[in-house]
Amino acid sequence: MLAPRINEVLSMDFVFDSSANGWHLKCPTVADGFTHECVHIAADDDISGEYLTRLLDRVATFRCYSTAVKTDFRHLQYLQQPQDGSRC
């Protein structure tokens with residue numbers, strides 16, 4: 001799915017790396033599907049579904065909520081909009 005406009009579809013992917021002493025680093029990235037701008041990148045050693053939800057909420061504080069999130073698995077998750085109907 002191509003994003004028809006800015007902030008309509010966000011794409012999420014993960015970057016993994018490890019240090020020489022065995023510490024694993026996980027970096028979820030969030031990019032705008034229209035502009036391909038990286039809107040957020042985080043780094044942590046433990047990432048859960050709740051962590052990703054908070055990350056998307058953090059993105060929404062400065063970009064508003066998107067309509068959908070696309071992952072590297074080609075899944076497209078349509079997001080539930082806020083109850084008041086606003087996206088910001």
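In the predicted model, Glu8 is buried, with a relative accessible area of 10%, and its side chain forms a salt bridge with Arg5, the closest N and O atoms of the pair being 3.2 Å apart. Arg5, by contrast, is partly exposed, its relative accessible area being 47%. Asn7, which is placed in the segment before β1 (9–18), is buried at a relative accessible area of 7%, and its phi is positive, at about 70 degrees, although Asn7 is not a glycine.

Helix α1 (49–63) comprises 15 residues, for which a span of 21 Å is expected at 1.5 Å a residue, and the distance of 21 Å between its end C-alpha atoms agrees with this expectation. Buried positions in α1 are Tyr51, Leu52, Leu55, Val59, Ala60 and Arg63, and the buried residues of the helix pack against β1, β2 (24–32) and β3 (38–41). The helix is followed by Cys64, a residue with a positive phi near 70 degrees. Cys64 belongs to the loop between α1 and β4 (68–71) and, with a relative accessibility of 22%, counts as partly exposed, since the cut-off for a buried residue is under 20%.

The structure holds 4 salt bridges, among them the pairing of Arg5 with Glu8 described above. In general, side chains of opposite charge can pair when their charged atoms come close. A salt bridge within α1 joins Arg54 to Glu50, with the closest N and O atoms 3.2 Å apart; these two residues are 4 residues apart in the helix and are therefore separated by about one helical turn. An α-helix has 3.6 residues a turn, so residues three or four places apart point the same way. Arg54 is partly exposed, with a relative accessible area of 43%, whereas Glu50 is exposed, its relative accessible area being 57%. Salt bridges that share partners also join Asp32, Glu37 and Arg63 into one network.

Within this network, Arg63 forms a salt bridge with Glu37, the closest N and O atoms lying 3.0 Å apart. Because Arg63 lies in helix α1 and Glu37 in the loop between β2 and β3, the pair ties together parts that are 26 residues apart in sequence. Arg63 counts as buried at 15% relative accessibility, while Glu37 is partly exposed, with a relative accessible area of 40%.

Notes:
Residues numbered from 1 in each chain as written. Predicted model: local features only at pLDDT ≥ 70, side-chain atom pairs only at ≥ 80, totals over all residues. Heavy atoms only, no water. Buried < 20%, exposed > 50% of the residue type's maximum accessible area, 1.4 Å probe, protein only. Expected span 1.5 Å × (residues − 1). Contact = heavy atoms within 4.5 Å.
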